[in-house]
Amino acid sequence: MSELSGIFVLKPESVTATKGKDVTFMAKVDSSKLLRKPVMKWLKGKWLDLGSKAGKHLQFKETYDRNTKIYTYEMSIIKVVDGDAGGYRCEVTSKDKCDSCTFEVSVQGRSFPKSFNSSGDAGEDAGDLDFSALQKKHQEVKEEVDVWEILKAAKPCDYEKIAFEYGITDLRGMLSRLKKMKKVEPKKSDAFLRKLDAAYSVDKGKRIQLTVEVADPDVPVKWLKNGQEIKPSAKYVFESVGNKRTLTINKCNLSDDAAYECVVGEEKCFTEVFVKEPPITITKLLDDVHTVVGEKVEFEVEVSEEGANVKWMKDGVELTKDSAGSKYRFKKDGKRHILIINEATLEDIGMYHALTNGGESQAELEVEDKELEVLQSIADLTVKATDQAVFKCEVSDEKVTGKWFKDGVEVQASDRIKMTHIGRTHKLTIDDVKSSDAGDYSFVPDGYAFSLSAKLNFLDPPKIHLDAGGSGNKNTIIVVAGNKLRLDVEITGEPAPTVCWMKGDQVVSEAEGRVRVETRKTLCSFVIEGAEKEDEGHYSITVTNPAGEDKAQLFVKIVDVPNPPENVKCTSVGEDSAIITWDPPSFDGGVPVKGYLMERKKVGSSRWTKLNFDVYESNTYDAKRMIEGVLYEMRVFAVNGIGISQPSENSKPFMPIAPTSEPCRLTVEDVTDSTCALKWRPPEKIGAGGIDGYIIEYCKEGSNDWVQANEGLVGMSQYRVKGLPVGEKMLFRVVAVNKAGRSPPAVLSQAVTIREIMENPKIRVPRNLRSKLIARVGDKVNLVIPFQGKPRPVVNWFKDGALLEDKSVGTRTSEVDTILFIRSAERTHSGKYTLSVQIENMSDSADIHIQVVEKPGPPIAVHVTDVWGFNAALEWKQPKDDGNCEIIGYTIQKADMKTKEWFTVYEHNRRPSCTVSDLVMGNEFSFRVYSENICGLSEEPGVSKNTAIISKTGLDLKAPAFKEKDIKSSPKFTAPLVDRSVVAGYAAAISCAVRGFPKPKIVWMKNNMILGEDPKYLMQNKQGVLTLNIRKPSLFDGGKYSCRAINDLGQDEVECKLEVRGRLLHSLPFIHKIKE
């Protein structure tokens, strides 16, 4: 929902216009704080948008000033008429902000006759509800009636319709008079004991209560705002006490300015709420300010209300928190609003404005520079130990204060240091001067951008300030090989001493070189560029001046990072881990090795991954969180106090793998006198190492001496253990083996007795072979039939009771099944095949029926037996070759002997005869027949030996004479126009349908006046369907519409009534606030 805010810079004002003159209203909107371009609407009352009325009578204009970002909107009423009087409203919206204002227009010379009839000379845009031009003729015909009695008895939603019918143009006057009449003769309501007042007024931000009394204390009520039902919330509070029903609106804003209804069943009562927004005025104006640079400035203004918005501007530019930064601060204290400038500068000079929606105040700020004259500056001092040092200066302004600084740090007073300010003189006194007091001193006046400086010099014997981290006379400096050594030694003493560096008995020169000395005023630097092992040794420094001498010894030690570790290798692997070992580096760099850092990478990758961030001290490391089945390489870094060595050589690639889980479902498949066949499933968990094979082991029950049955690994998941002792109970187990080693064993739960097991022979015929097997000639036949029985049974195949000896039929038998296969089936292979399995005197057999089929031959003796009319009778005999299966039907085709093109007459005809109908007279026809079985139609057809000739009957056709029909007719409407009621502003259409020949001319009329080439109307005629489209109809477009069709034979006409309703028509009696 948009937020109400005061964004109008200039609002339109109420005026009293002279009839026939022009009047212009202007509004200005500030868009500097708006996110989008504002949208302006001009309305009359609360519901009539004047934008749709733009024309000769109403004109609108919009301009924009880029400098001030002000939009100017103008509405001009050309030649004001009586209908222009009333309340107007302009509303501006921009995304989340909106604002509105109201104004009144009064017209001089307005007259209200008893019937409220206007003069009738208003044009199209003369006013909002001036219907005099449309109703002039209607009023002349209407007989005199009492309009007020009709209005008093009518519903409020019918007021506009009655006003249109009887030519009342001033609705505001009509509503005002009707309201007074209804007060004299109030209509008693069955639902309400007391209704809402006609209107309520409330100040913005206040609370208002709307109360009614209902006849039934238990009846529910509904509250509506502008026709929309209101739901209870913190904003809208519903109360029900006895017969009273109250709607409370909290914190009213401009969006609450609307029409409200209370609905009880079918009855309603109406009211209107007006929200007043008082302007914010300035009660205390700004004062001009004159100040100097650096001072704090405050502009204060006082407004009429607390919490009001005040806009601050400088030289026409708005000051906000975002644009002002820390330069400006904005303060609110009740009705007081303060603009604070922390430190005034010359840039702040200008005019400052404070603006509200009801007033403005301005003030000028003047800023001047400070000027200060130095009468006596401070001078340099040279003192000895325990002496007193006094710095003194004098300035022109005795009120000016200041601060003393030593080497940029403010001096703090103490027992030894005192600072005084007497009149224009500022003095700094230092008692018992020490060497630490020497330095640069300065005095800085407060509020001025300059300072007075001097130096305090201290006489002192030479001294070397050396801090090399050693103790006693043995100062050791450790330097990493290849690095640069720069030892800065502070030298003190007054006057400045001379410095001499020596290595053993050799003087280190100050000339440029890899080992050199750099001397400055109080600092001497000993430099070694790219330290080498030869630079290691004892060095001395000697400083001398007239006050004395000082000497220091130091030792320079050259150290380096260690060599890389050696012999990095992987000793063992796990599922996601590996054990890595290495040897220490051959040279520790002169500093003990603290530990090691490890990295790994995948083979083929260039990205190394750190395994530890803290130094690892051991030479053995367990690397974890690796991916099983991936090749890795490792490298190791040695770490000492100097740094990290180069990486070692990469280890040989290794792969983390783990043994598999135990094999699954170990079962005994077969047992003989000396063997045992085992069968199992692969392990559930195999891993990246895969399975190299299986090891099968056995032992006697009660023993733990397992014997490996297979010499090499077994790749299959089954194995027959041979050479077992007869009658012994044996245990078996199977182990899976891969690169990681043996898996846990899978052990049989019970021991197996080694002896032959007898099993009766049994044939298990597959379900698809239990019925006849049908195959086409040339197809492959492959039958697999399992059986069981121990010892291995003898298998024999028979065909039609005789032992199978056909070489084109092959058989193959294993221990558990037998296969019968035919590479290319022939019809001779059809028959009954019998499988027999036998163990000693026990046997079992099964029969399998095979039928090999092919397409049938053609029917024979096809001939025409009879011809009559347009029909011919055919007969034939079955084919000699049925393809080794039943004939299921015939396909009959015919051909005209002229064209020789064949057309199918019947399909799947089961009898050896048929009758062909619908033959063409005078033509000769031949016929052919195809036989059909489960393999399809025969390759060749049987053709009829004779033909059928359809002879002519000799009839002559006498066509009647052609008589042209007269299709001329006068226009007649087949679908009339229908009365319609539409909403203003939405496109409408009325339609009808007409017929007639010649094509009639169509004329559309409104109130018996022909509609010309008005772009508002679009007339269409599509094959006799007539449509009149009205673009965005307004209240003036209501009335009687008719359509007339005319041709040479006559005419016809239809008509309908179009009613145009306003969007808030149901609340019309309380739309306008009547000002007496």
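A: A salt bridge is counted here when a side-chain nitrogen of Lys or Arg lies within 4 Å of a carboxyl oxygen of Asp or Glu, and please keep in mind that the model in front of you is predicted.

Q: With that in hand, how many salt bridges does the structure hold, and how far apart are N and O in the one between Lys 314 and Asp 315?

A: Side chains of opposite charge can pair when their charged atoms come close. The structure holds 40 salt bridges, and in the one formed by the side chains of Lys 314 and Asp 315 the N to O distance is 3.3 Å.

Q: Are Lys 314 and Asp 315 buried or exposed?

A: Buried means under 20% relative accessible area and exposed means over 50%, with partly exposed in between. Lys 314 therefore counts as buried, since its relative accessibility is 15%, whereas Asp 315, with 44%, is partly exposed.

Q: Which parts of the chain does the salt bridge between Glu 300 and Arg 336 link?

A: The closest N and O atoms of Glu 300 and Arg 336 are 2.7 Å apart, and the pair links distant parts of the chain, with Glu 300 in strand β22 (residues 297-303) and Arg 336 in strand β26 (residues 336-341), 36 residues apart. Glu 300 is partly exposed at 23% relative accessibility, and Arg 336 is partly exposed at 25%.

Q: Which residues join Arg 516 and Glu 518 in one network of salt bridges?

A: The closest N and O atoms of Glu 518 and Arg 516 are 3.1 Å apart in their salt bridge; Arg 516 is buried at 15% relative accessible area, while Glu 518 is partly exposed at 27%. Through salt bridges that share partners, Arg 516 and Glu 518 belong to one network with Lys 484, Arg 486, Asp 488 and Glu 529.

Q: Turning to sheets, what is the strand order in the open sheet of 4 strands, and which strands stand at its edges?

A: The order is β62-β64-β68-β67, with antiparallel pairing. β62 (759-763) and β67 (809-813) are the edge strands, and each has a single partner strand, so one side of each is left without a neighbour in the sheet. From one strand to the next the twist averages 15 degrees. Between β62 and β64 (residues 781-790), which run antiparallel, there are 3 bridges, and the bridge partner of Ile 763 in β64 is Phe 787.

Q: Which residues make the nonpolar surface patch of about 220 Å²?

A: The patch is made by Val 9, Leu 10 and Met 26. Leu 10 is found in strand β2 (residues 8-10) and, with 33% relative accessibility, counts as partly exposed.

Methods: Residues are numbered from 1 along each chain as its sequence is written. This is a predicted model: local features need pLDDT of at least 70, side-chain atom pairs count only at pLDDT 80 or more; totals for chains, interfaces and linings use all residues. Side-chain values use heavy atoms; hydrogens and water are left out. Patches are made of residues with over 30% relative accessible area and no salt bridge: like charges are joined within 9 Å, nonpolar side chains (Val, Leu, Ile, Met, Phe, Trp, Tyr) within 5 Å. Accessible areas come from the Shrake-Rupley method with a 1.4 Å probe; for residues, only the protein chains shown count as cover. Helices (H or I, at least four residues) and strands (E, at least two) are DSSP runs, numbered from the N terminus. Buried means under 20% relative accessible area, exposed over 50%, partly exposed in between (1.4 Å probe, protein chains only). Two strands pair if DSSP finds at least two bridges between them. Axes are lines fitted to C-alpha atoms, for helices over the stretch in contact, and angles run from 0 to 180 degrees between N-to-C directions.
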